[in-house]
Amino acid sequence: MLNVSIIIPAWNEAERIRDCLLNATRQTIMPHEVLVVDNRSTDNTCAVVEQFIAEHPEAPVKLLHQNDEQGLIPTRNFGLNAATGDVLGRFDADCMIRPDWVEVVSGIFTEDPAAMGATGPVMYYDMPSRHFGLKGDNSLRKRIYRADGGQPLAVGPEIALVNNQPLLFGSNMALRASAWHQIVNEVCRDKADVMHEDIDISLHLMGKDLKTVYSPRMIAAMSARRMDTSLSSFLSYMRRFKNTFDAHPQHTRTHKPEVLFTAMYPAMHMFYPVWQKVLNSADINPAEAAWINEQMELAEAQGKQLYDETPTDEVYDEKHEK
């Protein structure tokens, strides 16, 4: 199996970075490394990461600093260039990956040597009906989040591939390291900050005929906080879809996800702060609870395995010491 590095760009993410790291390291297979790349944070993001490292010396978490330039793209590139894994997983500091995420990602690239990029669905962990929302996102992303006339291609029950080509989603994506090195000097720098950097990566991969795949088993969770921004800010963010494709006129798209997201905005914008008050009043940390049942099952399975591997005389002694 190929090993997986995880890269997490971070700017002022003290509120969520600890939960993110817990999810990144509570995995069925431990990642090769988890690189948090801080970009001039003015809060205590770095202190939280350093404390996590001190409390979890067994976890392969490292804190890197990208101070030369403010921005997501240079920070992302810094982390991807510093990573040493076979596969480079990338998501945001407010994302919570499912406990089998590393195992699934490793399997995708191990089983399909032609796969150069991979993505999957997400759920909003700070909204109600999370798993229902996950099904909806999976349906949406498979059908309209693609470029160059992509059509679904049924290949097997485990990995649903898409032929030409699914767009990678920055909150839940992975690249083969060799693919990143092919495009690292070509990806757009976007100094004006008007594009979707994940779609830009996707289109550069496609430009080199490098295959991207979609797996419904590659699952992450993210915050819906984008819906809590002003209408003008949200619409500006939606225009990034068009801006990115305008910068790549050789690529086409049939569907426009921004149309659906914009239609969803009024209801979600109104409901999001209300639901946050409900969570706060119930003293619920939604990020921590995102995969709590799966994490408990994983811990129980690991505990049972450890018990089963313990020599019989040690088990006998432990029982009779009580």
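# Burial, sheet order and salt bridges

User: Is D137 buried or exposed, and what is its relative accessible area?

Analyst: D137 is buried, a class that means under 20% relative accessible area, against over 50% for exposed and the range in between for partly exposed (1.4 Å probe, protein chains only). This is a predicted model, in which local features need pLDDT of at least 70 and side-chain atom pairs count only at pLDDT 80 or more, whereas totals for chains, interfaces and linings use all residues. Residues are numbered from 1 along each chain as its sequence is written, and side-chain values use heavy atoms, with hydrogens and water left out. The relative accessible area of D137 is 8%.

User: Which residue forms a salt bridge with D137?

Analyst: A salt bridge is a side-chain nitrogen of Lys or Arg within 4 Å of a carboxyl oxygen of Asp or Glu, and here the closest N and O atoms are 2.8 Å apart. The two residues are four apart in helix α5 (residues 130-144), which means that about one helical turn separates them; helices (H or I, at least four residues) and strands (E, at least two) are DSSP runs numbered from the N terminus. The partner is buried, with a relative accessible area of 5%. The salt bridge of D137 is with R141.

User: Which residues are linked with R90 in a network of salt bridges?

Analyst: The side chain of R90 meets that of D92 in a salt bridge, at 2.6 Å from N to O. R90 counts as buried because its relative accessibility is 1%, whereas D92 is partly exposed at 24%. The residues linked with R90 in the network are R76, D92 and E197.

User: How many residues apart are K208 and E186?

Analyst: The side chains of K208 and E186 meet in a salt bridge, with N and O at 3.1 Å. This pair links distant parts of the chain, K208 lying in the loop between α7 and β11 and E186 in the loop between α6 (177-183) and α7. K208 counts as partly exposed at 32% relative accessibility, as does E186 at 39%. Their separation is 22 residues.

User: What is the order of the seven strands in the open sheet?

Analyst: The sheet is open and its pairing is mixed, two strands being paired if DSSP finds at least two bridges between them. Its order is β3-β2-β1-β4-β10-β6-β11.

User: Which strands stand at the edges of the sheet?

Analyst: The sheet of seven strands is open. Each edge strand has a single partner, so one of its sides is left without a neighbour in the sheet. The edge strands are β3 (61-65) and β11 (211-214).

User: Which residue in β10 stands opposite G89?

Analyst: Strand β4 (residues 87-90) pairs with strand β10 (residues 173-176) in the antiparallel sense, over four bridges. Opposite G89 stands A174.

User: At what angle does helix α2 run to β3?

Analyst: Helix α2 (residues 45-55) lies across β1, β2 and β3. Axes are lines fitted to C-alpha atoms, for helices over the stretch in contact, and angles run from 0 to 180 degrees between N-to-C directions; contact means heavy atoms within 4.5 Å. The angle of α2 to β3 is about 155 degrees.

User: Is V36 buried or exposed, and at what relative accessibility?

Analyst: V36 is placed in strand β2. Leaving aside its neighbours within four places in sequence, V36 has contacts that include I8, L21, V49 and L63. V36 counts as buried, because its relative accessibility is 0%.

User: With which residues is N77 in contact, leaving aside its neighbours within four places in sequence?

Analyst: N77 belongs to helix α3 (residues 72-82). N77 is buried, its relative accessible area being 7%. The contacts of N77 are W180, V187 and R189.

User: At which residue does α9 bend?

Analyst: The end C-alpha atoms of α9 (residues 257-281) are 34 Å apart, which agrees with the 36 Å that its 25 residues should span at 1.5 Å a residue; the expected span is 1.5 Å times one less than the number of residues. A bend is the angle between axes fitted to the seven residues ending at a residue and the seven starting there, and in α9 this angle is about 45 degrees, with the proline P266 following within four residues. The buried residues of α9 include F261, Y265 and M268. The bend is at Y265.
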